2 protein chains.
Amino acid sequence: MSKANIRERVRYAAGEVVLYPGVPAPGEPLYRVVEGLVRIQYVDEEGNALTLRFVHPGEFFGEEALAGLERDHFAETMVESELEVVPIPELGPEDYPALTAQLVTALKRGYRQIERLVTQRLKNRVAAALLELLNTPLADRDEEGRPLVRLTHDDLAAAVGSVRETVTKIVGELAREGCIQSGYGKITLLDLEGLRKLAAKKE
Amino acid sequence: MSKANIRERVRYAAGEVVLYPGVPAPGEPLYRVVEGLVRIQYVDEEGNALTLRFVHPGEFFGEEALAGLERDHFAETMVESELEVVPIPELGPEDYPALTAQLVTALKRGYRQIERLVTQRLKNRVAAALLELLNTPLADRDEEGRPLVRLTHDDLAAAVGSVRETVTKIVGELAREGCIQSGYGKITLLDLEGLRKLAAKKE
């Protein structure tokens with residue numbers, strides 16, 4: 001795609017808001033994550049956050065501008081990120097199949113989240129969220145090579161549609177069962193198989 | 001769109017399954033609702049149904065075929081419906097903007113449902129679902145001209161992510177409060193303003 005070379009790229013620090021709720025401004029572009037991680041997050045009047053999706057490198061966000069639809073969420077970087085600015089009039093026929101496939105994937109993930117909210121207990125959703133985040137820049141390894149995810153209990157609560165107090169209780173339960181180990185701003189995954197079983201469980 | 005004239009159209013009776021869970025077959029088409037109403041529905045192992053979205057006339061479904069993604073839901077007609085079969089290789093550059101806008105809309109509706117599941121009580125979700133269904137072929141008027149929605153408590157439970165027993169209790173509550181009147185396979189909406197207030201409520 002020849003135009004890609006001349007598209008503007010912007011760097012954001014961790015925790016910066018890229019998009020705010022509201023009607024997309026005329027000419028508002030689409031964004032593509034080149035490097036980093038962005039979360040699409042709804043925040044209610046009491047300040048409770050709910051992560052609607054994580055946007056990984058190669059993926060787009062700000063898609064409301066494509067349909068002129070009001071956005072009721074924020075887009076925020078979770079780590080230092082590089083974003084490509086994609087003006088919508090520049091989208092060519094060659095861009096649409098990939099864009100469409102990504103929207104279908106986002107929709108499928110949204111439906112998966114709805115299914116989890118309706119059919120799974122919080123503990124199972126926490127296990128699923130931790131495993132999903134292993135495939136993001138939030139993942140790391142500790143000194144012993146064990147996988148960990150760098151996030152706060154607040155972040156985890158938003159990812160599973162709960163509040164920090166409740167999630168902290170669940171994290172304690174999972175730690176007592178030997179599945180994870182919780183540290184300051186990070187959670188180490190000790191028993192991946194156990195977490196996978198929990199993540200798959202319906203009740 | 002010149003090709004539209006030669007695309008195959010298929011009629012389905014109410015309650016027919018158009019798509020099953022599974023990996024889309026090679027060459028599987030996209031479907032567009034010409035007339036009627038389709039629901040995209042996840043069914044768990046115990047047979048509990050969860051409606052992920054309603055597909056209205058003019059809208060597409062079967063979008064997993066665009067991305068080769070496994071489908072874990074059914075697509076089922078809710079009333080007699082006419083569907084247009086859209087082979088994916090026939091999608092031209094002129095089709096993509098509309099298709100993209102629809103996927104963005106579907107995604108936004110999915111996110112709205114996630115927000116409702118996390119932030120609203122069942123009673124408020126029931127009010128929201130009844131109001132949404134007023135814009136579908138399930139809507140009708142009674143002899144006195146009052147708006148009603150033709151659906152069972154099972155359908156309503158699937159639409160709000162609950163089970164029939166619980167929804168029947170909520171329907172009784174809303175009826176006692178004068179918001180609705182429940183009949184065999186239909187619910188009459190008596191107090192639209194009251195339902196709108198409930199639908200908007202977070203807590």
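**Figure 1. Where chain A meets chain B in this predicted model.** The contact draws on 31 residues from chain A and 31 residues from chain B. On the chain A side, strand S5 (49-55), helix H1 (64-67) and helix H2 (96-119) are the elements that each put two or more residues against chain B. H2(A) supplies the largest share of that side, with 18 residues. Sorted by class, the side of chain A that touches chain B comes out as 18 nonpolar, six polar and seven charged residues. As for scores, the model gets ipTM 0.90 and pTM 0.90. Chain A has an average pLDDT of 93, and 97% of its residues score at least 70.

**Figure 2. How the two copies are related.** Turn chain A by 180°, with 0.0 Å of shift along the rotation axis, and it lands on chain B with an RMSD of 0.0 Å. The two copies are therefore related as by a two-fold rotation axis. Both copies use the same surface for the contact: 100% of the contact residues of chain A turn up again in chain B.

**Figure 3. The open four-stranded sheet of chain B.** Reading across the sheet, the strand order is S2-S7-S4-S5, and the pairing is antiparallel. Strand S2 (17-19) and strand S5 (49-55) of chain B sit at the edges with a single partner strand each, so one side of each has no neighbour in the sheet. From one strand to the next, the twist averages 35°.

**Figure 4. Strand S4 of chain B and its pairing with S5(B).** S4(B) covers residues 38-43 and pairs with S5(B) in the antiparallel sense, over six bridges. Two of the pairs are worth picking out in this view: Val38(B) has Val55(B) as its bridge partner, while Val43(B) is matched with Ala49(B). The hairpin made by S4(B) and S5(B) has five residues between the strands, and there Gly47(B) adopts a positive phi near 90°.

**Figure 5. The other pairing of S4(B), with strand S7 of chain B.** S7(B) spans residues 74-77 and runs antiparallel to S4(B), joined to it by four bridges. Look for Gln41(B), which stands opposite Phe74(B) in S7(B). How many of the six residues of S4(B) are buried? Five of them are, so S4(B) is largely enclosed by the rest of the structure.

**Figure 6. A close-up of Tyr12 in chain A.** Tyr12(A) belongs to strand S1 (residues 9-12) of chain A. Is Tyr12(A) buried or partly exposed? Tyr12(A) counts as partly exposed because 17 other C-beta atoms lie within 10 Å, and the buried class needs 20 or more. Leaving out residues up to four places away in sequence, Tyr12(A) touches Val18(A), Thr77(A), Ser81(A) and Leu83(A). Pro137(A) is 125 residues from Tyr12(A) along the chain, and the C-alpha atoms of the two are separated by 15 Å.

Key: Residues numbered from 1 in each chain as written. Chains lettered and ligands numbered in written order. Predicted model: local features only at pLDDT ≥ 70, side-chain atom pairs only at ≥ 80, totals over all residues. Least-squares fit on C-alpha atoms with pLDDT ≥ 70 in both. Contact = placed C-beta atoms within 7 Å. Buried ≥ 20, exposed ≤ 12 C-beta atoms within 10 Å, placed from the backbone. Pairing = 2+ DSSP bridges. Axes fitted to C-alpha atoms, helices over the stretch in contact; angles between N-to-C directions. Nonpolar A, V, L, I, M, F, W, Y, C, P; charged D, E, K, R; others polar. pLDDT = per-residue confidence, 0-100.
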